[in-house]
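Grab a pencil and work through these short exercises on the structure shown here. Each one comes with a worked solution.

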Amino acid sequence: MQKTYYLLPAIIAFSFLFCTTSLSGQIGVDTIPVLDYSEPKDYEIGGVKVIGAKYSDENAITSIAGFRVGDRIRIPGGSIPRALKALWKLSLFTDVQIYKEKTIGDVIFLEIQVQERPRLTTHSYKGVKKGNHDDLNEQINKYLIKGGIVTESIKSNSAFAIKKYFIEKGYFDVSVKVEEIIDDSRINSIRLVFDIDKNKKVKIQDITFTGNNNIKTVKLRNMMKNTRRKKRLLSSSKLIKADYEGDKKALIANYNKMGFRDAQILSDSIWRDGKSGNLVVHLDINEGNQYYFRNISWKGNSIYETNTLSNVLGINKGDIYNSELLETRLQFSQDGRDVSSLYMDNGYLFFSIDPVEVAVTKDSIDIELRIFEGPQATIDKVVIMGNDRTNEHVVRRELRTIPGAKFSRSDIIRSQREIINLGYFNPENLGINTPVNPERGTVDIEYTVEEKPSDQLELSAGWGGRGRGVIGTLGVAFNNFSARNIFNKSTWSPLPQGDGQRLSLRAQTNGRFFQSYNVSFTEPWMGGKKPNSLTVAGFMSRLTNGFDRNSELFGKLINAGVTISLGTRLKFPDDNFLYSVALNLQNIELDNYLSTSNSTLFRTDRGETVSDGGFRNFSITQTIARSTINNPIFPQDGSRISLSVQATPPYSLFSKKDYRELEPEERFNFLEYHKWKINADWYQTLIGKLVVKASARMGFIGAYNDEIGITPFERFQLGGDGLNNQQFGFFTGTEIISMRGYDPEDFKNNITSSGVTATPLYEKMTLELRYPLSLNPSSTIYVLAFAQGGNAWRKSRNFNPFDMKRSVGGGLRVFLPMFGVLGFDYGVGFDKPGSTLSELSTFNIILGFEPE
């Protein structure tokens, strides 16, 4: 018994070790090497392995497949097909397979094998110019992602986008092939090459119509502004679907304007011409009857009589029926001539009008205009927001909308224009909101403005011409200055600002030959209660020929003066009129002026040249002007007209001197003259952003006493770019008028035996077409084409308004708030000496201001 007791533990331990060893040897063995699919069986998922995923997350693949360790799965069953479908749906792989790695009893281990799609490294184009590449990239960048997978769908969508791009440009037969090229620089990467064959551009061969019994085919074609035939010179003849659909609507709209209210396009078709391969567009039209207005009646009007409303409407019995014109005259007229404006300018903000066709006969329509007048609305609050730099009172004093006044739509439009004309705010972002309180019968008006830079810096160098050399200019203009805040440092940026005053400082020099300095200050609302302006300006200029002071050849001109001006806004005939009066004091000193580098000569009517002496110019200038332009930088609508008269006292009437015997230095010691100037500008938007500008300029200076004659100063010199007017004209007592395409020497009346002089009479007419490239207030840019005519005369009896020197050309303008207007003009003069283009043309630079 004792022996057995010791052997038993050993036997038990040996038996346990044997069983454990046998079991561990069976764990890694596939107990079911081949599954029998004829008998479905449930298994427990023991593990999932993913093979081939280099860029994709293995856990995400397992999760999307729907496999989790411990879940039961039936094989065969729906789980494996669902997993394959889910992984294929990702479009990330070119091959997906699921294998049984092994089974141990009823536990199965799965293996997911994937082949990832290649990744994109770059793409390129063949068959098209580089100029198209950026545009094409914009079309396909939403499909192609660098480093992203490349699928058949992505390639197909990219190719389709490229084809669409060229089809819109008229290449209907374009073909695009997509080539995949293995990129060896990266694993599993490719680059795409789009091989593009545009083929020949397909144009519109012809546009035909049927059913147009009342309107000629030529007129219908002209109505389709964006769908043109190939036969039209300089017109696009490609077919763009969106433009074509818009032209069809425009066609029917034009029919409606001519009274064919029932006109419709029954069908349209497009096919390729068999010979040329170009497109033929055909439209079948049903014009219907042409209608006329018959009886127009009013209903619901108690404020205004029927005759008053009918006069504003301006549509009479028998006029061709035009629903668009009717709608415009009721509430959408740009010139304010509509019934809605009549009511809303009188406070009837809740006014509405509904035109109803009450009877339609064979060719006539009766209209009943049903009016709801509603109560008058009173302005409650006027709120100004966004004026970070400009003080509120500067904006508020320009408004026509006042709390407590009746609501007026025209007052809001006028207030909007006045805010823009201040020049301190971005006109594109000026917002006006009118929240209404119907219960109280009031309306608030909210103006939201956005400040823009308004100060200007002038730093330039230019060629003075005629021996003057290079002229440097430094000038600053603070257009929103505040004199009362000079000692308040918190308002300095870089000088105190916010009160709408203007301070200008300017200096020019080219060393010892020429120096000029001027300063001016303007308070637009003197006293702060009424629009009465005060301007004080002073200047001094000195021009020499550069010789030593002690030399006999030394010559100089010194001109100094001061101007004080008062202006006000008139109420009659309307408050668009401005009146100003200026007192001018000027002293001109000449010393051997003929030697100052061939400058403009001062000549009298007797042919005398004035080169020495002191001359006093005391004059009063009166100006009346009217301006309705909507934007001071790029006007698109409105006009600006001014008439100014500058006159001196008639000293000779109080003197007994025999002026015929006096030398020029004594005869013109105190200048006497009367000077008249007329300026007129008119702006109108033609279509879209295209603006036409028509302008006229005329100036005349006369004498009180024929024995004295017309003063040699204050005359006009026509020709050049007008830049010299700022550099020399004003400071030497001559007003230089720009004339594109001509220099002063090209006008015979400017030329004398001694050199270039000025004339007492001129005229200039200009017609411009302007198109803006950018209306951003930080850089307003526009191009222009012009036709110009002008001339100058020494004697008023020789004046002939039709005897003009003609020129045409083009130019560019860039307005930068800090620098003013920059640009150039290239003009060709038809009536100047010369036969080649270089002899007939001139190139003018614009710096800091727009020449007159």
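**Exercise 1.** Find the residue just after α5 that takes a positive phi, then work out how the helix sits.

*Solution.*
- Start just past the end of α5: G170 has a positive phi of about 100°. The model is predicted, so local features need pLDDT of at least 70, side-chain atom pairs count only at pLDDT 80 or more, and totals for chains, interfaces and linings use all residues. Residues are numbered from 1 along each chain as its sequence is written, and side-chain values use heavy atoms, with hydrogens and water left out.
- Next, list the buried residues (under 20% relative accessible area, 1.4 Å probe, protein chains only): in α5 they are I154, K155, S158, A159, A161, I162, Y165 and F166.
- These cover an arc of only 155° around the axis, so they sit on the same side of α5. That arc is taken from the directions from the helix axis to the C-beta atoms.
- Now flip the helix over: the face turned away from the buried side carries E152 and F160, both exposed (over 50%).
- Finally, look for partners: the buried residues of α5 pack against β5 (119-126), α4 (133-140), β6 (175-182) and β7 (189-197).

**Exercise 2.** Place V562 in its strand and find what it is in contact with beyond its sequence neighbours.

*Solution.*
- V562 belongs to strand β23, residues 556-569 (strands are DSSP E runs of at least two residues, helices H or I runs of at least four, numbered from the N terminus).
- Leaving out neighbours within four places in sequence, V562 is in contact with A537, G538, F539, L583, N584 and L585 (heavy atoms within 4.5 Å).
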